[in-house]
Amino acid sequence: MMTEHEADRIIQQALKPRRYEHTIRVVETADQLVERYGGDRKRIRLAAYLHDYAKYRDADEMRSRINSSPSIPDNLHEHQDELLHAFVGALLLKEECGVEDKAVLQMIASHTTGRAGMTLEEKILFLADYIEPGRTFAGADAARQAAEESLEAGCLQASSQMIQFLAGKQVSIYPASVEAYNDLIRQEQRRRISL
Ligand SMILES: [Fe+2]
Ligand SMILES: [Fe+2]
């Protein structure tokens, strides 16, 4: 598996300084979540370093890359550009940097939209990206508070806020995001009943 040091070097070259700083905060936040909720620390840290690898790729290039890949979900090209970098990032990391680890690639692919049936590791990266201390948008604190309660509560808060934000702007919502939301609702209900 790629070392953290290698990942750090690759990502420093791929990102602008501000996005690199965000990346480091995501690594630190993910680490704190692992401390609390467990998970494969080594893989999570590696995925956190690499998660925004494709952030500055040209959107048209990413779209054509998606059209030629059978592993990429349907209709992704119909949705916001913001979603592309996660899926394409996983593809390009494999092709350009030799990242083969399926768990790491899966965490990166789902970090923006989430999906139903996220693993513990995917939930941690999804949430860490949303609540890292540099996030100042409305609702970031609510998600941080929910994250204290449980990992699923944190993810659910992030997921519901993202969906409300998109619906508020009247832009399309990628189906996997809605599926993630429904799945997290079920998980949270089960947790609350068992309390
Ligand atoms: Fe991202
Ligand atoms: Fe990010």
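Reader: Hi! How are the donor residues of the iron ion (ligand 1) spaced in sequence?
Author: The spacing is D-x32-H-x25-H, where donors are N, O and S atoms within 2.8 Å of the metal (3.2 Å for Na, K and Ca). This is a predicted model, where local features need pLDDT of at least 70, side-chain atom pairs pLDDT 80 or more, and totals for chains, interfaces and linings use all residues. Residues are numbered from 1 along each chain, chains are lettered from A and ligands numbered from 1 as written, and side-chain values use heavy atoms, without hydrogens or water.

Reader: Which residues coordinate that iron ion (ligand 1)?
Author: Asp 52 does so through OD, and His 85 and His 111 each through NE2, at 2.1 Å.

Reader: And how far is ligand 1 from the iron ion (ligand 2)?
Author: The two iron ions are 3.4 Å apart, with Asp 52 coordinating both.

Reader: Where in the fold do Asp 52 and His 111 lie?
Author: Asp 52 is in the loop between helix H3 (41-50) and helix H4 (59-67), and His 111 is in the loop between H6 and H7, so the pair ties together parts 59 residues apart in sequence. Helices here are DSSP runs (H or I, at least four residues), numbered from the N terminus.

Reader: Switching topic: how do the axes of H5 and H6 cross?
Author: They come within 7 Å and cross at roughly 150 degrees. H5 and H6 are therefore roughly antiparallel, a label for angles over 145 degrees.

Reader: Which residues meet there?
Author: From H5, Ala 86, Phe 87, Gly 89, Ala 90, Leu 93 and Lys 94 meet Leu 105, Ile 108 and Ala 109 of H6; contact means heavy atoms within 4.5 Å.

Key
Axes fitted to C-alpha atoms, helices over the stretch in contact; angles between N-to-C directions. Helix = DSSP H or I, 4+ residues; strand = E, 2+ residues; numbered from the N terminus. Parallel < 35°, antiparallel > 145°, perpendicular 65-115°, else oblique.
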